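Me: I am new to this structure and should like to be guided through it by questions and answers. Please begin by showing it.

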Amino acid sequence: MTQDCPTCGSELTAAETGFHCDVCRQTFGRLALCPDCRRPLERLQACGAVNYFCQHGHGLISKKRVLFTAQPH
């Protein structure tokens, strides 16, 4: 899934901590969304493992199912 820049609409490239727009030279964070309700997920991290939890009734969400979107810093 490709991400578009919220500022100029160009396609974003993946960066280590989020996304980067080469056209307007902005960097955006990553926001994890539930694939079922599209609401933000809570990030749970313990012993090096990262999991995601939906507080809106969908429970623990597999990392493979999480939707990431660009979030302005």
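The exchange below treats the model as a whole, then its sheets and strands.

Me: What kind of model is this, and what pLDDT do local features need?

Reply: Residues are numbered from 1 along each chain as its sequence is written, and side-chain values use heavy atoms, with hydrogens and water left out. This is a predicted model in which totals for chains, interfaces and linings use all residues, side-chain atom pairs count only at pLDDT 80 or more, and local features need a pLDDT of at least 70.

Me: How many helices and how many strands are there in the protein?

Reply: Both are DSSP runs numbered from the N terminus, helices being H or I of at least four residues and strands E of at least two. Along the sequence the pattern reads β-β-β-β-β-β-β. The count is therefore zero helices and seven strands.

Me: What share of the residues is buried?

Reply: Buried means under 20% relative accessible area, exposed over 50%, and partly exposed in between, with a 1.4 Å probe and protein chains only. The C-alpha trace spans about 40 × 25 × 20 Å along its principal axes. Of the 73 residues in the protein, the buried share is 29%.

Me: In what order do the strands of the four-stranded sheet lie, and which strands stand at its edges?

Reply: Strands pair if DSSP finds at least two bridges between them. The four strands form an open, antiparallel sheet in the order S1-S2-S3-S7. Each edge strand has a single partner strand, so one side of each is left without a neighbour in the sheet; these strands are S1 (13-15) and S7 (67-72).

Me: Which residue in S7 stands opposite Arg30?

Reply: Strand S3, residues 27-33, pairs with S7 in the antiparallel sense over six bridges. The residue opposite Arg30 in S7 is Ala70.

Me: Which strands stand at the edges of the three-stranded sheet, and what is the average twist from one strand to the next?

Reply: This open sheet has the order S4-S5-S6 with antiparallel pairing. S4 (42-46) and S6 (59-61) are at the edges because each has a single partner strand, which leaves one side of each without a neighbour in the sheet. With axes as lines fitted to C-alpha atoms and angles between N-to-C directions running from 0 to 180 degrees, the twist from one strand to the next averages 40°.

Me: Which residues are the bridge partners of Tyr52?

Reply: Five bridges join S4 to S5, which run antiparallel, and S5 (residues 49-54) pairs with S6 over three bridges. On the S4 side, the partner of Tyr52 is Arg43. In S6, the partner of Tyr52 is Ile61.

Me: Which side chains of S5 are buried?

Reply: In a regular strand the side chains alternate between the two faces of the sheet. Along S5, Ala49, Asn51 and Phe53 point to one face and are not buried. Those that point to the other face and are buried are Val50, Tyr52 and Cys54.

Me: Which residues take a positive phi in the two hairpins?

Reply: The hairpin of S4 and S5 has two residues between the strands, and Cys47 in the turn has a phi of about 55°. In the hairpin of S5 and S6, with four residues between the strands, a positive phi near 100° belongs to Gly57. The residues asked for are Cys47 and Gly57.
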